[in-house]
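Please take a moment to look over the sequence and the model shown here, and then follow the paragraphs below from one part to the next.

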Amino acid sequence: MITREEIANVLDQPVYDGDGNKIGDAKHVFFDDMTGRPEWVSVKTGMFGTAESFVPIRDAALVQDHLEVPYGKDQVKGAPSVDVDAGGHLSETEEHRLYDYYGINWDSVLSEAERTDDGRWAAGPGTAGTAGAAGAAGAAGAAGTAGGMTDREDAMRREGMRGDEAMRGDEAMRGDEAMTRSEEQMHVGVERHESGRARLRKYVVTEEVQQTVPVTHEEVRVVREPITEANRDEALAGPEISEAEHEVTLHAERPVVETETVPVERVRMTTEEHTENETVRGQVRKERIEAETESFTEDETRRGGDKRRGRE
């Protein structure tokens with residue numbers, strides 16, 4: 001069982017199941033108001049810790065640098081969602097739902113709650129106290145007022161002090177004169193999501209193209225030759241006076257168009273990453289510590305008058 005002294009080593013540490021699978025990180029520890037013992041631990045699960053599941057801490061063990069619980073990863077992530085009130089408490093109904101989910105007998109919880117850690121009987125035997133939340137900054141929560149608490153502890157509980165303040169109050173009562181100042185730190189991560197799609201689409205268009213080619217054609221040219229000794233015999237071979245006709249066939253070229261499909265290029269899509277800076281703003285809480293002093297005049301000291309207060 002995890003003790004109050006070990007809570008500081010539990011918060012913000014990894015939580016594993018019995019098979020060595022990481023479930024998430026421990027975020028808060030809840031205490032039983034009657035016994036003051038750790039009862040539940042909330043585990044941040046999911047991407048970037050976006051979900052929070054409650055796990056019984058009674059059978060958990062602190063192993064080196066992580067918390068080990070006897071429940072499977074899927075069982076923890078499937079635990080029912082419960083509401084925590086403004087005071088950081090689980091109602092009895094919500095706590096009952098969680099016990100039923102993890103197969104823990106409610107009657108056995110009530111019987112255990114009847115005794116405090118030092119063996120004394122708690123007020124109201126047979127009823128289960130609700131659990132108080134531990135501070136998110138990493139300190140343990142305050143126990144309830146039942147079961148022999150001092151007036152100081154009771155005042156802390158009534159004034160709604162957070163769990164980490166209550167634990168530091170316990171330290172002060174043990175003689176620790178120093179106070180621990182804590183603050184929240186913002187951790188920013190990134191997640192990858194689908195931002196769009198791109199596709200290649202092939203379609204057909206018709207374009208007008210123009211190309212100049214040389215073409216030839218034949219034309220008739222009349223050639224007249226004088227009668228010479230060389231051609232006299234051919235010239236006198238026909239009748240002296242007659243009609244005659246001679247025909248010549250003319251030729252011409254014309255363009256002939258045909259198309260041919262040929263591959264010209266290969267087209268594909270690739271992706272490339274571009275990194276740019278984006279500013280993220282958030283709010284974190286910080287504790288401040290100031291000293292307050294009280295002084296008296298001699299007359300006020302004698303007659304028990306008003307105090308003079310100052311801050312440092």
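**From a strand to the core and the surface**

D25 has its place in strand β2, which covers residues 22–32, and the model in which we find this residue is a predicted one. Because its relative accessibility is 31%, and partly exposed residues are those between the limits of 20% and 50%, D25 counts as partly exposed. Leaving aside residues up to four places away in sequence, D25 touches Q13, P14 and V15, and also S42, V43 and K44. A further residue to look for is L11, which is 14 residues apart from D25 in sequence, while the two C-alpha atoms are 7.7 Å apart in space.

The strand that holds D25 also leads us to the interior. In soluble globular proteins, nonpolar side chains tend to be buried together. The largest nonpolar core here has 30 residues, and those that touch the most other members are W40, V41, V55, L67, V69 and Y102. At least two residues of this core come from each of β2, β3 (38–45), β4 (51–56), α2 (92–101) and α3 (106–113), and it is β2 that gives the most, with five residues.

Nonpolar residues can be found on the surface as well, where M186, V188, V280 and V284 form a patch whose accessible area is about 320 Å² together. One of these, V280, lies in the loop that runs between α6 (232–235) and β8 (292–295). V280 counts as partly exposed because its relative accessibility is 42%.

Conventions: Residues are numbered from 1 along each chain as its sequence is written. This is a predicted model: local features need pLDDT of at least 70, side-chain atom pairs count only at pLDDT 80 or more; totals for chains, interfaces and linings use all residues. Side-chain values use heavy atoms; hydrogens and water are left out. Patches are made of residues with over 30% relative accessible area and no salt bridge: like charges are joined within 9 Å, nonpolar side chains (Val, Leu, Ile, Met, Phe, Trp, Tyr) within 5 Å. Accessible areas come from the Shrake-Rupley method with a 1.4 Å probe; for residues, only the protein chains shown count as cover. A salt bridge is a side-chain nitrogen of Lys or Arg within 4 Å of a carboxyl oxygen of Asp or Glu. Helices (H or I, at least four residues) and strands (E, at least two) are DSSP runs, numbered from the N terminus. Buried means under 20% relative accessible area, exposed over 50%, partly exposed in between (1.4 Å probe, protein chains only). Contact means heavy atoms within 4.5 Å. A nonpolar core is a set of buried Ala, Val, Leu, Ile, Met, Phe, Trp, Tyr and Cys residues joined through side-chain atoms within 4.5 Å.
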